[in-house]
Amino acid sequence: MTGLRLEGLTARYGDHAAVAGLDLAVAPGERLALLGPSGCGKTTTLRMIAGLLAPAAGRVLMDGADVTRHPPERRQAVLVFQSGMLFPSMSVEQNVAFGLRMRGVPRAARRDRARAMLARVRLDGLADRRPADLSGGQAQRVALARALVLEPRLLLLDEPLSSLDAGLRDEMRELVLALQRESGVTTIMVTHDQAEAVAMADRIALMLDGRLRQVGPPEALWHRPADAQVARFFGGVNFWPGRGDGTRFDCALGPVPCAAEGPGLLTIRPEAVRLDAAGPGALPARETGRRFLGAVTRLRLVVGADGGEVIADSPAPPETITQVTLPRAALHLLPPP
Amino acid sequence: MRSLRWRGRIIPAAPVRTVPTWVLLTPALVVVLGLFGGGLALGALRSLDADPLPGQMAWSLAAWGRVLGDGGTWASFGLSLWIAGASTLLSVLFGVAVALMLRGAFRGRALASWLVQLNLAVPHLVGAVGILYLLSQSGVLARIAFAAGAIEGPADFPALIWDPWAAGIVLQYVWKEVPFLALVTLAALQGIGRDYEAAARSLGAGPARAFAHVTWPQIRPAVTGGAVIVFAFAFGAYEIPALLGASYPKAMPVLAWERFTDPDLARRPEAMALALLIAALCGALVLAGARGLRLGGVR
């Protein structure tokens, strides 16, 4: 298993820094998700790790060895493209065996290994098909097999699930996770979908505008975002500027009991707002709108004399709402904007 | 039937076509079959006519016998084959190389691209005259070499024009066709993008093997198509070998023209036979080449 370290990694397109001084360490066997909106530099970072793009500055280290100047074919860091990029002139089996062929594995051996790998991604019957005859999900699995058959040091996945529809997505996610656990390969995946990152990664590195904003386990980014932008990316909608004194936080909602100290933005996830119980610290509220979103209903509530707004998600909201409770443990103070 | 809306106007969808396809194809077929097929048929008739006088006919295979029995014809065939083959091979090599260089992003790419395409507008004959002035034994390069003391006289300069290897002719075709093949190849390369190659590199292929195993099979149909056009043109064209070719053997089209303009009208059927031979051989070679290279594309 291979560890990866990026030091001050920078990429420029003209004058624009697509990736600016990125520092990141990935432990051997870890699954890390590089998460961010499109254009944030995550795919550029992945290409620099694969060796397909030379960084303008910085270093890429694999197990402590500097590979920044190594060409892609010497890195054993295999990139699986979003669209699979299966070679159209080769059969499925030839595609899977391609890397082995490049390594000089004899024909019979690479045939056996390719067939075995195809069985592991449950495509045994399709060895002789052409890529053009495959569905999107099948092509994606062949691309995965083509990478994993090489037992690479790093597996790099570029939006592995984005091109698949909902049903296939769950199946593919479980398959990727199962194969990754089996092989223990250090995996870095790029995605713009926070749900995908949360479900697949041991740790998430959130990138915005070419910079790392927060790195940590999914729970940490979800419940303890570093700033309002990170919180928004994970679906945060409640932000109240104000000041806390350690026992209460003064903001547009009025005094909110919590342990926050100093100036900042108080936040709470919409699904953590409680509507049912009138407990200690309950705040009087008035409903101004509700919208059914499927799994939850989103409610807009006005709280306090200054017209502060609270947005709450609830799977089964009561008919009438007169008060809300913001549980102390769910409240989180962000730095002032 | 769906209509389209474009810039505020509603464009009605095309009516369902009721005219049979063969009717729609007829105007084009009449031109192609009438001019091309008619010309071939007339040529064939004339090659079988031993009577030089107009209006008279005397069926005979004599002209075909003289053409096929003459060793000079086969020497000409060999020369034309060599000219077309060498020109095509070199044009493909350089054309693909130029396309590979031009597809990357680099400073001055627009200028380089413009320079490469510059001579597409120059007629073959003008290029040939240029080559003549440049490369003949009394040409510009020979004079420079003489002035520099590298040679003592015109005869010391290597014969590139009117030479048995037809170097000047091949050079002229390569000069003219490299940009053509480069454009064709570049379009194909840009059509497939660079991610296939990136995927191959990531899987452990070096640049050369990524090209050979992954890129080439995808651009091969386009390059082969371009190469077939170059080959057919170089095999059948008259003006360049007429200007830059040696007196023996002559390229096949030059030989045919000579027979056609011979004061002895009895030789005209030979010209027709030669012309038909060129068409047939060229067609056969192109077919064989296309089949050998699987022009039909990657399955």
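Trainee: How much accessible surface does chain A have, and what share of it belongs to carbon and sulfur atoms?
Mentor: In this predicted model, the accessible surface of chain A is about 14,700 Å². Carbon and sulfur atoms account for 50% of that surface.

Trainee: What percentage of chain A counts as buried?
Mentor: Of its 337 residues, 52% are buried.

Trainee: And the overall dimensions of the C-alpha trace?
Mentor: About 75 × 45 × 35 Å along the principal axes of chain A. The secondary structure of chain A consists of eight helices and 19 strands.

Trainee: What share of the contacts in chain A comes from residues 24 or more positions apart?
Mentor: Such pairs make up 65% of the contacts with a separation of 6 or more.

Trainee: Charges next. How far apart are the mean positions of the positive and negative ones in chain A?
Mentor: They are 5 Å apart, with 41 positive and 36 negative charges in chain A.

Trainee: Switching to the interface. How many residues does each chain put into the contact?
Mentor: Chain A contributes 23 residues and chain B contributes 19 residues.

Trainee: Which three residues supply the most area on the chain A side?
Mentor: A:E73, A:M85 and A:M102, which give 30% of what chain A buries against chain B. The area buried between the two chains is about 1,900 Å², and carbon and sulfur atoms give 65% of it.

Trainee: How many salt bridges are there between chain A and chain B?
Mentor: Two. One of them joins the side chains of A:R47 and B:D195, at 2.8 Å from N to O.

Trainee: And over all chains?
Mentor: The count is 28 salt bridges. One within chain B pairs B:R103 with B:E197, whose closest N and O atoms are 2.6 Å apart.

Trainee: What parts of chain B does that pair tie together?
Mentor: B:R103 lies in helix α3 (residues 71-103) and B:E197 in helix α8 (residues 195-202), so the salt bridge links parts that are 94 residues apart in sequence.

Trainee: Are those two buried or exposed?
Mentor: Both B:R103 and B:E197 are buried.

Trainee: What about A:R248 and A:D250, how far apart are their closest N and O atoms?
Mentor: 3.6 Å, in a salt bridge. A:R248 is partly exposed at 38% relative accessible area, and A:D250 is partly exposed at 36%.

Trainee: Which residues are linked in a network of salt bridges in chain B?
Mentor: B:R66, B:D70, B:R259, B:R267 and B:E270.

Definitions and conventions
Residues are numbered from 1 along each chain as its sequence is written. Chains are lettered from A and ligands numbered from 1 in the order in which they are written. This is a predicted model: local features need pLDDT of at least 70, side-chain atom pairs count only at pLDDT 80 or more; totals for chains, interfaces and linings use all residues. Side-chain values use heavy atoms; hydrogens and water are left out. Helices (H or I, at least four residues) and strands (E, at least two) are DSSP runs, numbered from the N terminus. Buried means under 20% relative accessible area, exposed over 50%, partly exposed in between (1.4 Å probe, protein chains only). Contact means heavy atoms within 4.5 Å. Accessible areas come from the Shrake-Rupley method with a 1.4 Å probe; for residues, only the protein chains shown count as cover. Lys and Arg count as positive and Asp and Glu as negative; His and the chain ends are not counted. The place of a charge is taken as NZ of Lys, CZ of Arg, CG of Asp or CD of Glu. Buried area is the accessible area (1.4 Å probe) that two parts lose on being put together, summed over both. A salt bridge is a side-chain nitrogen of Lys or Arg within 4 Å of a carboxyl oxygen of Asp or Glu.
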